[in-house]
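Reader: I've got a model with a ligand in it, and I'd like to learn how to read the surroundings. Could you walk me through it?

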Amino acid sequence: MSELSVNHLLGIKYLNKKDIQLIFETADHFKEVINRPIKKVPSLRDITIANLFFENSTRTKLSFELAEKRLSADVINFSASQSSVKKGETLIDTVNNILSMKVDMVVMRHPNPGAGVFLSQHVDASIINAGDGAHEHPTQALLDSYSIRERLGEVRGKNVVIVGDVLHSRVALSNIYALQLQGANVMVCGPKTLLPKYIKDLGVKVETNLRKALNWCDVANMLRVQNERMDISYFPSTREYTQQYGVNKALLNSLDKKITIMHPGPINRGVEITSDVADSDQAIILDQVQNGVAIRMAVIYLLASKIKH
Ligand code: CP
């Protein structure tokens, strides 16, 4: 029987091509399940999962919780803002207290890069990284590639540009690793101030002209400008950013071909993407969200099958 090469999902960096294929094939099965009248399977009745969110989330948190419930796992939710973290309790103490209640798997979002790796080295549970600072967001990259595969047939050979605030983005790094593993050609595009200096070392094309990037690509993944992670100004004004790096319908209509538009959410409508694009048939933003449940069911199911009771 096929199984993942890893016991945790800490980042796409730790996966291989076969892992991604297995996750997609398993997600295909679960996608069929969640389209049935009864959207639930009994697979994980013996598994308890803790969702630990030390940072805000809408899509990822709800999607994981739904995926866990669709698999019949027992689920507990923890939000740092309403917890004893506010009284100074450490991450390890917090997690060990939760694990002493016989929890098998931890899904964690944390503002610090590497928090998931750290946790995996100190606690006895399977860890899924639901976003660690500006480092990785592996399930987002998996659902993004899965959505490209669904829309365009395959990921291999496709030209994908990641546009905008690459510097502060965990989605960008995980997408670069995932897309390259599957044989896509990857470009990043944005103002120089929002492109990390090391980015060329990852083997991606770099472009600062949005029109050139859009004419090259099959898919544009528009990143959110992450104002909350900016302690200085990276561009003169939001208006100027939008003029140079925002996608609107007129710009898309002026291109040589019809490209696919993605966005991980949450959207800054009118900044990196206008509503007439976000809500158009060129955008697969809500497909990404829908596929997130099947992808997360697949990841949880495959990791749970490696847990020894
Ligand atoms: N895409 C994403 O991670 O969204 P949330 O921050 O709402 O989870």
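Author: Sure, let's start with a polar contact, a pair of N or O atoms within 3.5 Å. Here, an N or O atom in the side chain of histidine 137 is 2.9 Å from an oxygen atom of the ligand. Keep in mind that this is a predicted model, where local features need pLDDT of at least 70, side-chain atom pairs count only at pLDDT 80 or more, and totals for chains, interfaces and linings use all residues. Residues are numbered from 1 along each chain as its sequence is written, and side-chain values use heavy atoms, with hydrogens and water left out.

Reader: Which backbone atoms have a ligand atom 2.8 Å away?

Author: A polar backbone atom of threonine 58 is 2.8 Å from a ligand oxygen, and a polar backbone atom of proline 264 is 2.8 Å from a ligand nitrogen.

Reader: Which residues are around the ligand?

Author: For that, a residue counts as near if one of its heavy atoms lies within 4 Å. The list is Ser57, Thr58, Arg59, Thr60, Arg109, His137, Gln140, Pro264 and Gly265.

Reader: And where does the ligand lie relative to the domains?

Author: Domain bounds come from an automatic or database assignment. Domain 1 (12-135 + 289-304) and domain 2 (138-288) both give residues to the shell, so the ligand lies between them.

Reader: How far apart are the C-alpha centres of domain 1 and domain 2?

Author: Those centres are 25 Å apart. Using contact as heavy atoms within 4.5 Å, domain 1 puts in 30 residues and domain 2 puts in 29 residues.

How values were computed
A polar contact is a pair of N or O atoms within 3.5 Å; within protein, one must be able to donate a hydrogen and the other to accept it, and residues adjacent in sequence count only if both atoms are side-chain atoms.
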